[in-house]
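Subject: Handover of a structure for your study

Dear colleague,

Please find below the structure that I am handing over to you. I would ask you to look through it first and then to read the notes underneath.

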Amino acid sequence: MNTQKFADQIRYYTMRELAHLGFGHFGGSLSIVETLAVLYGKVMDVSPAKKDDSDRDYFVLSKGHAGPALYATLFLKGYFDEAFLFSLNQNGTKLPSHPDRIKTPGVDMTTGSLGQGISAATGIAKGNQLFGKENYTFAIVGDGELNEGQCWEAFQFAAHQKLDHLIVLIDDNKKQLDGYTVDICDPFDFVEKMQAFGFNSWRVDGGDVEAIEAALKQAKELIGKPTAIVLDTIKGQGVPYFEELVDNHHVRPDGAGKVAIKEAIEALAEKIEVNQ
């Protein structure tokens with residue numbers, strides 16, 4: 001699979017489903033697109049046929065508000081059809097704004113209350129360790145989410161338990177709900193903090209699929225410690241309009257915004273067609 005093409009497709013369908021809804025979490029969904037493309041396209045042992053197989057890899061989107069990007073990924077992997085995808089947040093939907101493992105095929109853990117997803121992922125990894133399984137648990141957490149103390153309790157537990165089949169990806173897009181992370185609660189250096197908590201940790205370009213893939217490959221070769229990969233990303237990544245929009249966490253676009261979104265979707269469609 002061409003991972004960059006897969007990322008372009010995920011971004012395209014993420015934009016389309018949010019545009020169809022008319023509002024939503026554009027910024028944080030777009031910043032994890034490349035990471036999802038690598039995880040689901042190159043790294044994780046998952047498929048619709050294996051969705052109930054306990055030996056599969058597990059994925060937890062701790063920053064659950066980025067659900068639209070995960071849904072686009074699952075659609076492209078064949079977990080459900082396009083009509084299902086475009087039911088996002090509609091009455092009676094099985095695609096709520098935050099992932100729900102009971103409702104949505106391919107979702108391993110219900111998330112949305114920030115801080116709790118990484119604890120669940122740690123529990124999954126510990127359970128698999130107890131059963132002697134070799135599968136991996138991957139979790140994406142947000143930089144703003146790491147304001148929560150619960151995350152750091154989970155990290156300390158994971159390191160103490162030597163959960164080397166737990167790989168945490170920190171989406172360091174520099175913003176959270178109401179501003180820049182450095183202004184709200186300065187996170188300082190995530191790499192240094194994760195190393196201090198007993199993790200292997202390093203930073204990569206979160207917009208470079210090859211760099212992300214190399215980092216994940218390296219993480220799977222390390223034993224004795226969990227790994228945290230800090231993704232240097234941009235909130236709204238890959239769509240200039242949202243990259244430049246200051247308040248881009250949850251957006252209800254006005255007339256100009258709708259035009260910009262329509263143009264961005266058309267540009268992505270053209271890019272996907274060119275790269276086929």
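The notes below describe the strands, the salt bridges and the surface patches in turn. Please keep in mind throughout that this is a predicted model.

**The strands**

A good place to begin is strand β3, which covers residues 166-172. This strand is mostly covered, as 7 of its 7 residues are buried. Its side chains point in two directions: Leu166, Val168, Ile170 and Asp172 face one way, while Ile167, Leu169 and Asp171 face the other way.

Strand β3 has partners that you can find in the display. One is strand β2 (residues 137-142), which pairs with β3 in the parallel sense over 6 bridges. Within this pairing, alanine 139 stands opposite valine 168 of β3. Another partner is β7, which runs parallel to β3 and is joined to it by 6 bridges. Here valine 168 has alanine 228 as its bridge partner in β7.

Strand β7 itself spans residues 227-232, and because 5 of its 6 residues are buried, it is largely enclosed by the rest of the structure. Strands β6 and β7 also run parallel, again with 6 bridges between them. In that pairing, serine 201 stands opposite alanine 228 of β7.

**The salt bridges**

Side chains of opposite charge can pair when their charged atoms come close. The structure holds 11 salt bridges, and three of them are described here, including two that involve β3.

In one of them, the side chains of aspartate 171 and lysine 63 meet at 2.6 Å, N to O. This pair links distant parts of the chain, with aspartate 171 in strand β3 and lysine 63 in the loop between β1 (58-61) and α4 (67-76), 108 residues apart. Are these two residues buried or exposed? Aspartate 171 is buried, because its relative accessible area is 0%, and lysine 63 is buried as well, because its value is 2%.

In another, aspartate 172 and arginine 203 meet through their side chains at 3.0 Å, N to O. Aspartate 172 lies in strand β3 and arginine 203 in strand β6 (residues 200-205), so the pair ties together parts that are 31 residues apart in sequence. Aspartate 172 is buried, at 6% relative accessible area, whereas arginine 203 counts as partly exposed, at 37%.

The remaining example joins the side chains of arginine 16 and glutamate 82, at 3.8 Å, N to O. It links distant parts of the chain: arginine 16 is in helix α1 (residues 3-21) and glutamate 82 is in helix α5 (residues 82-85), 66 residues apart. Arginine 16 is partly exposed, with a relative accessible area of 26%, and glutamate 82 is partly exposed too, with 33%.

**The surface patches**

Two patches on the surface may also be located in the display. Asp205, Asp208, Glu210 and Glu213 form a negative surface patch. Of these residues, glutamate 210 is placed in helix α10 (residues 209-221), and it counts as exposed because its relative accessibility is 63%.

Tyr180, Val182 and Val246 make a nonpolar surface patch of about 300 Å². Among them, valine 182 is found in helix α8 (residues 181-185).

With kind regards

How values were computed:
Residues are numbered from 1 along each chain as its sequence is written. This is a predicted model: local features need pLDDT of at least 70, side-chain atom pairs count only at pLDDT 80 or more; totals for chains, interfaces and linings use all residues. Side-chain values use heavy atoms; hydrogens and water are left out. Patches are made of residues with over 30% relative accessible area and no salt bridge: like charges are joined within 9 Å, nonpolar side chains (Val, Leu, Ile, Met, Phe, Trp, Tyr) within 5 Å. Accessible areas come from the Shrake-Rupley method with a 1.4 Å probe; for residues, only the protein chains shown count as cover. A salt bridge is a side-chain nitrogen of Lys or Arg within 4 Å of a carboxyl oxygen of Asp or Glu. Lys and Arg count as positive and Asp and Glu as negative; His and the chain ends are not counted. The place of a charge is taken as NZ of Lys, CZ of Arg, CG of Asp or CD of Glu. Helices (H or I, at least four residues) and strands (E, at least two) are DSSP runs, numbered from the N terminus. Buried means under 20% relative accessible area, exposed over 50%, partly exposed in between (1.4 Å probe, protein chains only). Two strands pair if DSSP finds at least two bridges between them.
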